[in-house]
Amino acid sequence: MFKDLFQKKRKYATLPPDRSAGGGDAETQQRPKREIPEGLMNKCSKCGAIQYSKELEKNLKVCTSCGHHMRLNAGERIAMTLDEGSFVEHDNDVVSIDPLQFPGYAGKLAEQKLKSGLNEAVVTGEGAINGQPVAVAVMSFDFFSGSMGSAVGEKITRIIEHAGEYGLPLIIFSTSGGARMQESILSLMQMAKTSAALGQFAEKGGLYLSVITDPTMGGVSASFAMLGDIIIAEPSTTFGFAGRLVIEQTIRQKLPDDFQTAEFNMQHGQLDLVVHRKEMKTMLGKLIGMHSKKEEL
Amino acid sequence: MAGELAFEQPLVELRKKIDELKQFGQEKGIDFGDEISRLEERYVELQQDIYTNVTPAQKMHLARHHQRPTTLDLIPYVFSDFVELHGDRMYGDDMAIVAGIARFGGRPVTVIGHQRGKDTKDNIARFFGSPHPEGYRKAQRLMKQAEKFGRPVVTFIDTKGAYPGNTAEERGQSEAIARSMMDMAMLKVPVICIVIGEGGSGGAIAVGVGNRVLMLENAIYSVISPNGAASILWKDASKADQAAEAMKITAPDLLDFKVIEEVIPEPRGGAHRDYEATGLAIREALERHLGEIGGLDAQTLIAQRYEKFRRMGQYASGPALPNS
């Protein structure tokens with residue numbers, strides 16, 4: 001009998017409020033008018049599951065339903081990876097200009113700065129992982145699709161050189177749509193510039209951990225992202241050189257769903273590890289520890 | 001003449017007119033000598049006009065001309081005793097990149113270049129000059145070999161870009177391009193790269209990290225083909241000519257950007273008019289540049305190459321901005 005009562009009550013509570021009736025408390029009357037605040041809920045782009053943004057945040061922006069690793073901006077990545085308060089940014093003043101006077105580029109740059117709150121598609125600097133000092137570059141897809149122009153290439157080259165000079169392990173988190181075509185040949189040359197800098201860094205015996213995150217394509221995939229001593233990707237990350245559509249047009253075939261995913265690349269020998277976001281910091285710390293030159297310091 | 005491009009049509013028409021007049025005069029026994037010499041003068045003027053003001057879009061068409069000399073066409077005019085070597089020792093032999101050993105004025109050098117096909121069948125075998133990973137890995141192998149034997153490396157760049165296929169992705173296209181650039185940056189021997197046709201994207205820069213980078217007068221070099229840029233920017237691939245103008249892809253543009261050291265002149269009307277003259281112009285430039293850097297030690301060569309690429313790019317840097 002008590003059970004019946006309870007059930008009835010529950011049923012009643014889920015009924016939509018009767019708007020025509022004058023009765024009922026104020027709160028129930030207001031409910032239909034109240035809008036869901038922007039950003040309260042989040043829909044997974046992969047499985048469509050709707051979840052509280054706060055829950056998602058707590059889960060490091062990994063879908064609580066399907067495990068899809070959502071994109072992070074540079075700030076979120078840094079907070080998640082480096083010891084709290086350890087990050088010191090470098091070269092924040094290095095920004096893109098419009099060397100070709102390319103139609104629409106200057107305006108788009110200003111727009112991207114506003115949209116992302118960043119000065120460029122990469123944030124570089126120094127910090128620590130479990131007390132171990134590191135040099136890092138973290139790309140941000142929300143600035144110009146993470147594309148690499150002269151400024152991105154310069155900042156990455158500078159942090160590589162800095163890591164070489166001070167004997168720091170280097171971690172680069174990549175995410176990019178590729179080279180920034182509004183800078184044409186100058187952006188292509190950033191591939192050579194960053195790769196050459198990594199050549200020098202390798203010569204000095206520096207450790208470079210490359211972390212590939214969703215998505216990493218074109219000129220970034222085909223330069224520093226694939227030159228790590230150890231190459232790690234987050235699960236379900238898309239990465240490769242040419243885009244899926246271009247390839248489908250070339251070979252006139254539909255590509256499998258998993259084409260260019262981290263798992264696909266792992267299977268084809270292009271990766272050392274696929275690491276879940278929750279375990280990323282631990283893994284990076286562990287690998288750095290195994291390359292530590294403590295005895296010499 | 002054959003294979004004229006649209007912008008050369010006024011010349012073609014004038015030449016036709018002159019020929020017709022000559023023939024008509026001969027048939028009827030009339031002397032059009034004055035008229036003909038007037039037209040010939042006009043022809044020279046027109047030629048001057050057309051070929052001194054070649055627009056970027058016209059250069060793009062010249063660079064892609066189906067008769068434009070390929071790496072294998074030019075090698076006999078630049079080098080002697082070329083022996084082509086094959087394979088990456090891992091997967092296969094990519095015919096979109098040819099490589100081997102040759103002599104340059106007596107001195108052995110390693111030659112590597114993209115290779116477009118000369119006809120449809122050849123083009124299919126060579127993937128229209130777009131390399132697979134095994135192409136870059138063949139290049140890497142032979143560059144290391146050049147280093148071992150102290151031979152300079154000369155590369156010819158002529159590709160629309162890396163092959164956009166699933167097989168290329170599966171075999172590590174990204175890694176192959178990245179490693180090629182890093183290896184080239186660290187090579188202990190002199191490296192000279194020459195863009196002879198189309199320098200397209202990652203497929204081009206993969207063999208383009210040299211102490212000196214030179215470009216034929218009508219060659220182009222860019223991060224994405226103007227067609228690709230047009231379809232991304234304006235959703236219209238037919239606006240390639242417009243993109244070619246905006247993207248600054250010509251040799252003089254690249255000289256301004258300090259991406260290349262020198263523009264090598266082509267015969268009037270383009271390299272396809274005269275392979276030998278084109279080859280000899282390359283030979284002359286190569287001789288000069290190799291003369292300048294051929295004797296440098298490994299450390300100096302690597303440092304010089306690094307400095308050159310280190311400086312590339314244009315950006316602003318000033319006091320830190322407050323918003324990040």
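This is a short chat about the contact between chain A and chain B, and about one helix pair in chain B.

Visitor: Hi! What should I know about the model before we start?
Guide: It is a predicted model, where local features need pLDDT of at least 70, side-chain atom pairs count only at pLDDT 80 or more, and totals for chains, interfaces and linings use all residues. Residues are numbered from 1 along each chain as its sequence is written, chains are lettered from A and ligands numbered from 1 in the order in which they are written, and side-chain values use heavy atoms, with hydrogens and water left out.

Visitor: Thanks! How many residues does each chain bring to the contact?
Guide: Chain B gives 53 and chain A gives 58, with contact meaning heavy atoms within 4.5 Å.

Visitor: And which helix of chain B gives the most to the side that touches chain A?
Guide: That is helix 8 of chain B, with 9 residues; helices here are DSSP runs of H or I, at least four residues, numbered from the N terminus.

Visitor: How many salt bridges are there between the chains?
Guide: There are 2, each a side-chain nitrogen of Lys or Arg within 4 Å of a carboxyl oxygen of Asp or Glu. One of them joins A:Glu161 to B:Arg310, with the closest N and O atoms 2.7 Å apart.

Visitor: Switching topic: at what angle do helix 4 and helix 13 of chain B cross?
Guide: Roughly 65°, and their axes come within 8 Å. Axes are lines fitted to C-alpha atoms, for helices over the stretch in contact, with angles from 0 to 180 degrees between N-to-C directions.

Visitor: Which residues of helix 4 meet helix 13 there?
Guide: In chain B, helix 4 uses B:Asp73, B:Leu74, B:Tyr77 and B:Val78. Their partners in helix 13 include B:Tyr275 and B:Arg283.

Terms used. Helices (H or I, at least four residues) and strands (E, at least two) are DSSP runs, numbered from the N terminus.
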